[in-house]
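These are my notebook entries on one structure, set down in the order in which I looked things up.

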Amino acid sequence: MNSRGEVSWSTYYVVLGSFSIAFAALILLTAFPFGFLPTGAGVLIVGLLYLGSAIAHRLYERRT
């Protein structure tokens, strides 16, 4: 946390990356209920998460 009480972007991306790896592993290991999700859909979800995060980061940086 920085002086304003916000989580740093680097910490945010480490957590997002960890979540993405765990999510991909659950899909590849066909763990319930993730096994029902096609691999392509999992890749799309992770990509959308990163894209949304990058857009939010960019908008936040422009504002400050």
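**Entry 1: overall fold.** I began with the secondary structure and counted 2 helices and 0 strands in the protein chain. I note at the outset that the model is a predicted one.

**Entry 2: dimensions.** I looked up the radius of gyration next. For 64 residues a compact globule would come near 11 Å, whereas the protein chain has 15 Å. Along the principal axes, the C-alpha atoms fit a box of roughly 40 × 20 × 15 Å.

**Entry 3: surface and contacts.** I asked what share of the chain is buried. Of the 64 residues, 14% count as such. The exposed area is about 4900 Å², and carbon and sulfur atoms supply 72% of that area. I then took the contacts between residues at least 6 apart in sequence; 61% of these join residues at least 24 apart.

**Entry 4: helix H2.** I checked the length of H2, which covers residues 39-63. The expected span is 36 Å, because its 25 residues are counted at 1.5 Å a residue, with one less than the number of residues entering the product. The C-alpha atoms at the two ends are 36 Å apart, so the model agrees with the expectation. I next listed the buried residues of H2 and found Gly42, Val46, Ser53 and Tyr60. Their packing partner is helix H1, residues 9-28.

**Entry 5: serine 53.** I chose one of these buried residues of H2 for a closer look, namely serine 53. Its relative accessible area is 4%, and serine 53 is classed as buried because the cut-off is under 20%. Which residues does serine 53 touch, not counting those up to four places away in sequence? I found Trp9, Tyr12, Tyr13 and Leu16. I also looked for a partner of the serine 53 side chain, and recorded that this side chain reaches the backbone oxygen of leucine 49 at 2.9 Å.

**Entry 6: aromatic rings.** I searched the whole structure for aromatic pairs and obtained 7. I examined tyrosine 12 and tyrosine 13 in detail: their ring centres are 5.3 Å apart and their planes stand at 80 degrees. This pair is edge-to-face, because planes over 60 degrees apart are counted so. Both tyrosines are partly exposed, tyrosine 12 with a relative accessible area of 35% and tyrosine 13 with 25%. I then traced the ring pairs further and found that they link Trp9, Tyr12, Tyr13 and Tyr60 into a cluster. Of the cluster members, I had already noted Tyr60 as buried in H2, and Trp9, Tyr12 and Tyr13 as contacts of serine 53.

**Entry 7: serine 20.** I turned to helix H1 and selected serine 20. Is serine 20 buried or exposed? I record serine 20 as buried, with a relative accessible area of 8%. Leaving aside neighbours within four places in sequence, serine 20 is in contact with Val46 and Tyr50. Val46 is one of the buried residues of H2.

**Entry 8: the loop.** I closed with threonine 30, which lies in the loop between H1 and H2. Its relative accessibility is 55%, and threonine 30 counts as exposed because the cut-off is over 50%. I also took the separation of threonine 30 from tyrosine 50: the residues are 20 apart along the chain, and their C-alpha atoms are separated by 23 Å.

Key: Residues numbered from 1 in each chain as written. Predicted model: local features only at pLDDT ≥ 70, side-chain atom pairs only at ≥ 80, totals over all residues. Heavy atoms only, no water. Helix = DSSP H or I, 4+ residues; strand = E, 2+ residues; numbered from the N terminus. Buried < 20%, exposed > 50% of the residue type's maximum accessible area, 1.4 Å probe, protein only. Contact = heavy atoms within 4.5 Å. Phe/Tyr/Trp six-rings, centres within 6.5 Å; stacked < 30°, edge-to-face > 60°. Polar contact = N/O pair within 3.5 Å; in protein donor to acceptor, adjacent residues only side chain to side chain. Rg over C-alpha atoms; globule rule 2.2 N^0.38 Å. Areas by Shrake-Rupley, 256 points an atom, 1.4 Å probe, with all protein chains shown as cover.
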